[in-house]
Every structure is written in structure tokens, then in C-alpha cells.
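I opened my notebook beside the model today and jotted down what I looked up. Pull up a stool and follow along.

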Number of protein chains: 2
Amino acid sequence: MSGRTFYIGELARAVGVKPQTVRYYEREGLLGRAARTRSGYRLYDEAALMRLRFIRAAQALGLSLAEIRELVMLSREGRSPCARVRALLREKLRALDRKIAELRAFRRELSALLAQLDAMPDQADSSPYVCSLIMTLAGHHRPDHGKEG
Amino acid sequence: MSGRTFYIGELARAVGVKPQTVRYYEREGLLGRAARTRSGYRLYDEAALMRLRFIRAAQALGLSLAEIRELVMLSREGRSPCARVRALLREKLRALDRKIAELRAFRRELSALLAQLDAMPDQADSSPYVCSLIMTLAGHHRPDHGKEG
DNA sequence: CTTGACCTTGCAGTTGGCTGCAAGGTTTAG
DNA sequence: CTAAACCTTGCAGCCAACTGCAAGGTCAAG
């Protein structure tokens with residue numbers, strides 16, 4: 001009755017990650033140690049597949065591996081992680097709102113600055129501070145320009 | 001007629017960075033090597049102060065140190081960096097728009113998911129994948145949740 | 001002369017989530 | 001039997017922009 005088993009590469013392919021990533025999650029306490037064949041190969045079952053999918057789904061929702069580990073721990077202790085999931089996601093939502101507001105404010109500043117820059121002729125000089133307008137308008141802020149789309 | 005000079009600590013304090021950061025910028029080719037006293041202490045003038053302020057201002061606008069170095073190079077070659085500044089900032093603005101759109105789309109998804117979660121009772125089970133709803137709705141996305149505000 | 005605040009260099013560590021590599025053992029197809 | 005395609009471990013490196021530390025030299029005040 002016990003379903004299919006998988007080598008680490010099959011498991012990884014099924015979820016779209018690399019074997020190293022699976023080992024990394026194990027090291028980080030997100031997956032629990034796998035069963036082994038006599039020769040030492042890791043063997044996974046469908047429950048492991050589901051756990052791995054959960055990890056990726058939770059990551060896609062913006063949870064960090066540390067937060068996901070916390071949820072996994074709760075679950076392993078038999079306590080329902082649902083309340084904690086809600087709290088974490090609500091917190092993410094608030095952080096998201098703050099971030100969006102911040103980026104919009106910054107966008108306004110940057111586009112105002114660009115409008116002024118476009119209205120100016122190029123400076124022919126190579127002044128020590130390169131571009132004076134930037135000095136006068138760049139304020140306060142430390143934007144967080146994370147890449148990745 | 002040559003104005004004030006500064007030790008690295010004074011310079012750093014004047015701009016709100018640490019001496020290590022100033023040395024780091026020098027190593028990275030953003031500041032050019034400073035004059036030295038006989039005993040080897042770095043000595044800066046007001047032009048250096050302005051250059052350092054420029055670096056921080058440009059960072060505040062979202063430019064990376066690599067991009068700022070490029071501007072500094074242009075300036076040192078006597079070519080006006082203004083056109084490049086405009087191009088870089090326009091690019092930042094576009095990236096910002098993409099990012100804001102992405103975060104808003106993600107915000108919508110997350111808040112819909114939360115609404116569904118709030119409507120559900122806690123699962124008492126500690127199922128292998130922790131929380132089934134999350135599995136069903138978490139898609140595709142890889143949000144970039146940079147911290148810092 | 002001593003204390004303490006400065007400065008110097010070089011190099012390791014931080015963050016988060018992987019990714020790569022080397023050196024070896026195993027399994028499977030032909 | 002061999003070659004390819006797996007697997008194992010351990011550990012270094014990546015990104016950016018710093019930050020910290022150790023071990024030592026310098027300088028001004030009292």
C-alpha cells in the first residue's frame with residue numbers, strides 16, 4: 001500500500017528544483033531526514049513530495065525559509081499551523097502595502113526629478129560631483145531596488 | 001586658497017557614513033585615491049566631500065555602485081555624464097513601474113487567499129503539507145520581498 | 001609618559017537561498 | 001566490461017554593499 005518512492009533527482013524534477021536544493025532544505029530542517037537505501041541513497045515518498053510542494057508554495061507567497069520551518073515544526077508537534085499561517089500572511093500583506101506606498105512615493109520623486117533633468121541642457125563640465133541637479137533633489141530615502149520580476 | 005582638509009573620520013561624519021565605507025568606495029574605484037599625510041593618513045578636500053555626497057545621492061535614487069562608478073568614470077574622462085544619468089534614471093523608473101505593478105498583482109492574490117483562509121476553520125490535522133489551501137492557491141509567482149523601508 | 005581617540009592594512013563575516021565542484025560510490029543499459 | 005547517469009559528502013562561492021576585527025602606527029591633551 002505504500003505508494004511510489006523517489007530518488008532525490010526524481011523528487012526534485014517533479015517539483016522543479018535541483019537535488020542540491022532538496023539537500024539544502026533537509027540541512028535547514030525543512031524536510032526531515034529521508035529514508036535511505038542500503039547504499040545510502042535518499043528515498044522519498046509521496047508525503048515528502050507534498051511537503052516539498054508546500055515549501056515552494058509557501059515561498060511563492062513570500063514566506064521565508066525560517067517562517068516555513070516554523071510552520072513545519074508546528075505541524076510536526078501536532079499543532080495546527082493555520083493560525084500562524086494567517087498571522088504571517090496578514091503581516092506580509094501589511095508589509096506589501098507599506099512597500100507599495102513607499103515605491104509609489106519614490107516613483108513620484110524620481111519622475112519629478114527626471115522631468116527637471118529633461119528640461120535641462122547637458123552640463124558640459126565634468127564637475128566633481130558629476131551632476132548638480134541630482135545633488136539638490138535626491139533626498140532622505142534609501143529605496144530597496146530588489147531585482148527579479 | 002585651498003579650502004579645508006579632512007581626515008577620513010571627519011569626512012565620513014560629514015556625510016553620515018563610516019570610515020570603512022569611504023575606504024570601500026575608494027577600493028571600488030568610486031572615489032579615487034586620496035592624498036596622504038607623511039604618516040599615511042588619508043586627506044580629503046571639499047571636492048572629495050562633494051563626490052562622496054554625490055555617491056550617496058545617486059544611491060538614494062536607486063543607482064548601484066557599479067552604475068555610479070560608470071558615471072564617475074565618464075566625468076573623469078571629461079565626458080558629460082548627464083545623458084547617461086537620464087538613461088539610467090529612466091530605466092529605474094520603468095523598473096519601478098514594473099515592480100509596483102507586480103507587487104499590486106501579488107497583493108490582490110494574497111489578499112484573496114487571506115479572505116479564503118479567514119473563512120475557513122483551522123484544520124485540526126497536522127497534514128503532511130501543513131495547510132492545504134495554500135497548496136491550491138499559491139501559483140507561479142516568485143515575489144521579491146526585499147526588506148528595508 | 002600615558003591615555004584615548006584617531007588612523008593604517010588586510011582579511012573574514014554578514015544576509016538568504018541557493019549553486020558548483022571535487023572525489024568518490026552505485027546502478028543501469030547495452 | 002564499460003560508460004553514462006545517477007547518487008554521496010563536504011565545503012567554497014555567489015550577489016551587494018558593507019561591517020567588524022586584529023594588530024599595529026600616530027597624534028593631541030594633560
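**Entry 1: the helix with 38 residues**

Which residues of helix 5 of chain B are buried? I found Cys82(B), Val85(B), Leu88(B), Leu89(B), Lys92(B), Lys99(B), Leu103(B), Phe106(B), Leu110(B) and Leu113(B). I call a residue buried if 20 or more other C-beta atoms lie within 10 Å of its own, exposed if 12 or fewer, and partly exposed in between, with C-beta atoms placed from the backbone.

I then checked the span of helix 5 of chain B, residues 82-119: at 1.5 Å a residue, its 38 residues should cover 56 Å, and the end C-alpha atoms are 55 Å apart, which agrees. The expected span is 1.5 Å times one less than the number of residues. Helices (H or I, at least four residues) and strands (E, at least two) are DSSP runs, numbered from the N terminus.

**Entry 2: ground rules**

I am working with a predicted model, where local features need pLDDT of at least 70 and side-chain atom pairs count only at pLDDT 80 or more, while totals for chains, interfaces and linings use all residues. Residues are numbered from 1 along each chain as its sequence is written, and chains are lettered from A and ligands numbered from 1 in the order in which they are written.

**Entry 3: chain A overall**

I noted six helices and two strands in chain A, and along the sequence they run α-α-β-β-α-α-α-α. Of the 149 residues in chain A, 26% are buried. Among contacts in chain A with a separation of 6 or more, 47% join residues 24 or more positions apart; a contact here means C-beta atoms, placed from the backbone, within 7 Å.

**Entry 4: two helices that pack in chain B**

At what angle do helix 1 and helix 2 of chain B pack? I read about 100° between helix 1 (residues 8-15) and helix 2 (residues 19-27), with their axes 8 Å apart. That makes the two helices of chain B roughly perpendicular. Angles under 35 degrees count as roughly parallel, over 145 as roughly antiparallel, 65 to 115 as roughly perpendicular and the rest as oblique. The axes are lines fitted to C-alpha atoms over the stretch in contact, and angles run from 0 to 180 degrees between N-to-C directions.

Helix 1 of chain B brings Ile8(B), Gly9(B), Leu11(B) and Ala12(B) to this contact, and helix 2 of chain B brings Pro19(B), Thr21(B) and Val22(B). I sorted them as five nonpolar, two polar and no charged. For sorting, Ala, Val, Leu, Ile, Met, Phe, Trp, Tyr, Cys and Pro are nonpolar, Asp, Glu, Lys and Arg charged, and the others, Gly among them, polar.

I also looked at Thr21(B) alone: it is partly exposed, with 16 other C-beta atoms within 10 Å.

**Entry 5: around the DNA**

Which residues come nearest to DNA strand C? Of 19 residues around that strand, they are Ser39(A), Leu65(A), Tyr7(B), Gly9(B) and Arg42(B). Helix 2 and helix 4 (65-76) of chain A, with helix 1 and helix 2 of chain B, each give two or more residues to this surface. Near means that the C-beta atom, placed from the backbone, lies within 6 Å of the strand.

DNA strand D also has 19 residues around it, the closest being Tyr7(A), Gly9(A), Arg42(A), Ser39(B) and Leu65(B). I counted seven nonpolar, eight polar and four charged residues in the surface near DNA strand D.

**Entry 6: two buried residues**

I followed Arg42(A) into strand 2 (residues 42-43) of chain A. Arg42(A) is buried, with 21 other C-beta atoms within 10 Å. Beyond its neighbours within four places in sequence, Arg42(A) contacts Ile8(A), Ala34(A) and Arg36(A).

Ala58(B) sits in helix 3 (residues 46-60) of chain B and is buried, with 26 other C-beta atoms within 10 Å. With the same neighbours left aside, Ala58(B) contacts Ile134(A), Leu63(B), Ile68(B) and Leu71(B).
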